[in-house]
Structures are given as structure tokens and as C-alpha cells.
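Here's a quick walk through one model, taken a region at a time. Have the structure open and follow along.

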Amino acid sequence: MADLTLYHASPSRSSIVLWMLEEIGQPYDIRLLKLSAGDQHKPDYLAINPMGKVPTLKHKDTVITEVAAICTYLADEFPQAGLNIPVGTPRRGIYLKWLFFGPGCFEPAVIDRAAPRKEEPRRAMLGYGDFDTAMNVVAKAVAKGPWLMGEQFTAADVVIGANIRWGTMFKLVPERPEFSAYAQRIAARPAAQRAEAKDKQLAG
Ligand SMILES: N[C@@H](CCC(=O)N[C@@H](CS)C(=O)NCC(=O)O)C(=O)O
């Protein structure tokens, strides 16, 4: 039994952690949940993730939920993979900004676009401001490349990159050359390819 166990539904947001685990290169086990069967609301699963959501990651006795928190944790816990910016490095501030921008701004902007509210809230009330600004900020950040932090691929690219990839696939993220070039760079990563192949196999 591996020290790391991913509670996963295939494909879903837990696929982002599957990719992250492939980037980390440590052995892991998968516990597959079927969302359509309501596995995520069963008492044994709610005991580890009371939100009734995937992913959940167990590392020895530590249980972590929330995609971005899991990716941050893994990058810090296994620094030999080179996916974090360590504490004490000024650039860590920018790295953390992107890790929070994913679930805090980019994803809510995309989800609100996909399922619009009856009444548009005031811009000041929305953490992401407005859709176009959120998209522009990320497009500018990935334009130079190859990665958000420059030459170093980090956990922030897993979080933001996954959002761009699925958002583009479902036509929720605008088609922009910056996004497609970045998505292509991600698609060329062996770890992303391994995760995708594994996910397809699991879904089947
Ligand atoms: N904020 C959570 C979101 C997780 C989430 O919404 N997961 C979806 C799958 S994509 C889920 O478990 N849905 C099942 C349900 O809500 O019943 C995270 O970032 O981990």
C-alpha cells in the first residue's frame, strides 16, 4: 500500500490531482468513486470529506481536500520534484497568488459564465471582478511562457493549466492564442499524458 491515496472520480476535478501525482512521481493508490451512484455522499466518504466532493488525498494519516490545497501540499511535501517555490524565496508570493487565483478567480469566473445568475452582481462584490479581466490577467501571465513562473513548471501550472484545458474543451474559456499555446505545452508533458491515459482507462 502506498503512503498516498487519491479518492478519485474519473474524469472530474480529481483528475487535476491525478496529473499532479504523475508530476510528483511518487507511488500512489486510487480509490475510485462513482459520482453518479452517489458514492461521494456515503457515510464512509463523508467521514473524510464532509463536502461530499472529490478529490480527497490521504497522505499517511493526513487528509487533504480542495484541489489547489492538495497540489500546494504535494509540491511542498515532495520538493525533489521541483514543483514548488520554497518558503523564503520572494517569488513564492507570486506562485501562491496563482495557486489561489485558480479556485478564487479563474474557476468562479468560468462557472458563472457557464451558469449565469438571474441578476449580475456588482463587480465589486465578485472576487474575480469580471470575466474578461480574469481571462486577460491569466492570458497575459501565460503569454511569455513557457510557464506561469517562467522557466520553472510548478504546481500553479497544474491548477491554472487544468482550468484552461477543461474550460477550453467545453468552450467556456475564450479561444485565445495565449491559452492554446499554453495548453499545447501542457499536453506535451509526459505526466499530463500519463494522467490522461490513466483517466481514460479508469473511466472505461
Ligand atoms: N472546491 C472543490 C470542488 C470539488 C468539486 O466540485 N468536485 C466535483 C467533481 S468535478 C464533485 O465532487 N461533485 C460531486 C457532487 O458535488 O456531488 C475542489 O477544488 O476540490
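## A lysine on the outside

Let's start with Lys171, which is exposed, because its relative accessible area is 65% and the cut-off for exposed is over 50%. Keep in mind as you look that this is a predicted model. You'll find Lys171 in the loop between H6 and helix H7, the latter covering residues 177-187. Its backbone deserves a glance too: Lys171 isn't a glycine, yet its phi is positive, at about 60°.

Gln201 is another residue on the outside. It belongs to helix H8, residues 190-203, and counts as exposed with a relative accessible area of 64%. Where does the chain bring Gln201 relative to Ser10? Along the sequence they are 191 residues apart, but their C-alpha atoms are separated by 9.1 Å.

## Around the ligand

Now for the ligand, which sits in the second largest pocket. Its surroundings come from several stretches of the chain: Ser12 and Arg13, Gln40 and His41, the run Gly52, Lys53, Val54 and Pro55, and then Glu66 and Val67. Sort that shell by residue type and you get three nonpolar, four polar and three charged residues.

Which parts of the protein reach the oxygen atoms of the ligand? Arg13 puts a polar side-chain atom 3.1 Å from a ligand oxygen. For Gln40, an N or O atom of the side chain is 2.8 Å from an oxygen atom of the ligand. Val54 uses its backbone instead, with an N or O atom 2.9 Å from a ligand oxygen. As for cover, the ligand taken alone exposes 510 Å², and the protein buries 76% of that.

One of the shell residues, Glu66, has a backbone quirk of its own: its phi is near 80°, a positive value in a residue other than glycine. Glu66 is placed in the loop between strand S4 (62-65) and helix H3 (67-77).

## Asn49 and its partners

Is Asn49 buried or exposed? It counts as buried, because its relative accessibility is 3% and the cut-off is under 20%. Asn49 is in the loop between helix H2 (43-46) and strand S3 (56-59).

The side chain of Asn49 has two contacts to look at here. It reaches the backbone oxygen of Lys53 at 2.7 Å, and it makes a polar contact with the side chain of Thr56 at 3.1 Å. Lys53 is also among the residues surrounding the ligand, so if you've still got that view up, Asn49 can be traced from there through its 2.7 Å contact.

## The enclosed helix

How many residues of H1 are buried? The count is 11 of the 11, so the helix is largely enclosed by the rest of the structure. The buried set takes in nonpolar names such as Ile16, Leu18 and Trp19, but also Ser14, Ser15, Glu22 and Glu23.

Glu23, in helix H1 (residues 14-24), is worth picking out. Its relative accessible area is 13%, so it is buried. From Glu23 to Asp199 is 176 residues in sequence and 15 Å in space, C-alpha to C-alpha. Just after H1 comes Gly25, with a positive phi of about 80°.

Over in helix H4 (residues 92-114) is Ala109. It is buried too, with a relative accessible area of 1%. Its C-alpha atom is separated by 28 Å from that of Asp76, and the two are 33 residues apart along the chain.

## Two cis prolines

Finally, check a couple of peptide bonds. The bond from Ser10 to Pro11 is cis, with omega near -10°. Pro11 is in the loop between strand S1 (4-8) and H1, and Ser10 is the residue whose C-alpha is 9.1 Å from that of Gln201.

Gly145 and Pro146 are joined by a cis peptide bond as well, and there omega is about -5°. Pro146 is in the loop between helix H5 (131-143) and helix H6 (155-169).

Key. Residues numbered from 1 in each chain as written. Predicted model: local features only at pLDDT ≥ 70, side-chain atom pairs only at ≥ 80, totals over all residues. Heavy atoms only, no water. Near = heavy atom within 4 Å. Polar contact = N/O pair within 3.5 Å; in protein donor to acceptor, adjacent residues only side chain to side chain. Areas by Shrake-Rupley, 256 points an atom, 1.4 Å probe, with all protein chains shown as cover. 1 Å grid on protein atoms, 1.4 Å probe; cavity = no way out; pocket = protein on both sides within 12 Å on 5 of 7 lines; lining within 4 Å. Sits in = over half its atoms within 2 Å of the grid points. Helix = DSSP H or I, 4+ residues; strand = E, 2+ residues; numbered from the N terminus. Buried < 20%, exposed > 50% of the residue type's maximum accessible area, 1.4 Å probe, protein only.
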